[in-house]
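I opened the file to look up a few helices, a few single residues and one unusual peptide bond. My notes follow in the order I made them.

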Amino acid sequence: MTPAPTPAEVSQIEVHEAREGRFATPHEAVDAVLSLGSNLGEREATLAAAVRDLATVPGLVVTGVSPLYESAAVKPDGVDDDAPRYLNLAVGIRFSGDALTLLDAVNTIENEHGRVRAERWGDRTLDIDVVVFGELEQADARLTLPHPRAAERDFVLAPWLDLDWDAVLPGRGAVADLLAAIGSTVHRYPVAEASR
């Protein structure tokens with residue numbers, strides 16, 4: 001089996017110089033994975049801007065950005081083929097803060113990009129999920145880690161594999177095995193199409 005390409009070889013989104021950001025909590029740096037998705041508006045531009053915004057959060061270093069993938073919208077009742085399709089990607093980060101501070105930062109970025117929380121799993125301009133935060137396992141009213149549905153979502157697992165072919169979802173197993181078990185319905189968003 002050929003190892004997956006490194007993020008630098010496949011990423012369609014570049015991270016530019018970070019500017020001073022809004023959230024700062026000194027802690028030992030933790031490796032984490034974020035899943036980003038958008039199915040409203042200028043999807044690719046929104047995701048690119050969100051990655052740049054992540055790079056401005058104090059204590060956060062972007063370590064990898066996957067290629068874009070396209071997927072059907074998933075609603076509480078299942079796949080909704082009538083809803084706009086999502087563009088998804090995974091972002092590897094190293095964060096010197098706690099998990100709830102990271103959640104606050106990503107929620108702020110979502111809000112700045114017009115995220116509306118009117119409907120559970122509704123269409124959205126931007127969704128950012130914290131998938132894993134080091135080896136942390138927690139479940140409370142605000143944040144469950146690892147993400148409770150990550151193992152069932154090909155639009156999370158496929159981009160994550162592009163960041164790390166040996167990735168493991170704590171408590172569930174190798175990401176490659178999880179993706180093989182559920183099958184993948186997502187596909188790479190073509191670079192030529194994405195750059196139009």
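Which residues of helix 5 are buried? I went through helix 5 and found Val175, Leu178 and Leu179 to be buried. I kept in mind that this is a predicted model.

I then asked how these buried residues are arranged around the axis of helix 5. Looking down that axis, I see them fall within an arc of 95 degrees, so they line one face of the helix. The general rule is that an α-helix has 3.6 residues a turn, so residues three or four places apart point the same way. On the other side of helix 5, I noted Asp177, Ala180 and Ala181 as exposed.

What covers the buried residues of helix 5? I list helix 4 among the covering elements, and also strand 10 (168–169) and strand 11 (173–174). Past the end of the helix I checked the backbone: glycine 183, just after helix 5, takes a positive phi of about 80 degrees.

Next I took up the packing of helix 4 on helix 5. Helix 4 spans residues 154–163 and helix 5 spans residues 175–182. Their axes are 9 Å apart, and the angle between them is about 140 degrees. That value makes helix 4 oblique to helix 5, since over 145 would be needed to count as roughly antiparallel. I recorded the crossing of the two helices as left-handed.

Which residues make this contact? From helix 4 I wrote down Asp154, Leu157, Ala158, Trp160 and Leu161. From helix 5 the list is Val175, Ala176, Leu178, Leu179 and Ile182. I sorted the residues of the contact by type and got nine nonpolar, no polar and one charged. Val175, Leu178 and Leu179, which I had entered above as buried, are among the residues of helix 5 in this contact.

I moved back along the chain to the loop between strand 9 (144–145) and helix 4, where proline 146 lies. Leucine 145 and proline 146 are joined by a cis peptide bond, with omega at about -10 degrees. Histidine 147 is in that loop between strand 9 and helix 4 as well.

Is histidine 147 buried or exposed? I entered it as buried, because its relative accessibility is 11% and the cut-off is under 20%. Leaving out residues up to four places away in sequence, I found that histidine 147 touches Asp129, Val130, Val131 and Arg153.

Two more residues were on my list. Isoleucine 109 sits in helix 3 (residues 99–112). Isoleucine 109 is buried, at 0% relative accessible area. I checked its distance to aspartate 53, which is 56 residues apart from it along the chain, and the C-alpha atoms are separated by 6.9 Å.

Valine 79 belongs to strand 5 (residues 78–80). I have valine 79 down as exposed, with a relative accessible area of 56%. Residues up to four places away in sequence aside, valine 79 touches Ala72, Ala73 and Val74.

Last, I took the totals for the chain. I counted six helices and 12 strands in the protein chain. Of its 196 residues, 48% count as buried. For contacts with a separation of 6 or more, I noted that residues 24 or more positions apart account for 73%.

How values were computed. Residues numbered from 1 in each chain as written. Predicted model: local features only at pLDDT ≥ 70, side-chain atom pairs only at ≥ 80, totals over all residues. Heavy atoms only, no water. Axes fitted to C-alpha atoms, helices over the stretch in contact; angles between N-to-C directions. Helix = DSSP H or I, 4+ residues; strand = E, 2+ residues; numbered from the N terminus. Parallel < 35°, antiparallel > 145°, perpendicular 65-115°, else oblique. Left-handed = near helix turned anticlockwise from the far one by under 90°. Contact = heavy atoms within 4.5 Å. Nonpolar A, V, L, I, M, F, W, Y, C, P; charged D, E, K, R; others polar. Buried < 20%, exposed > 50% of the residue type's maximum accessible area, 1.4 Å probe, protein only. Arc of directions from axis to C-beta.
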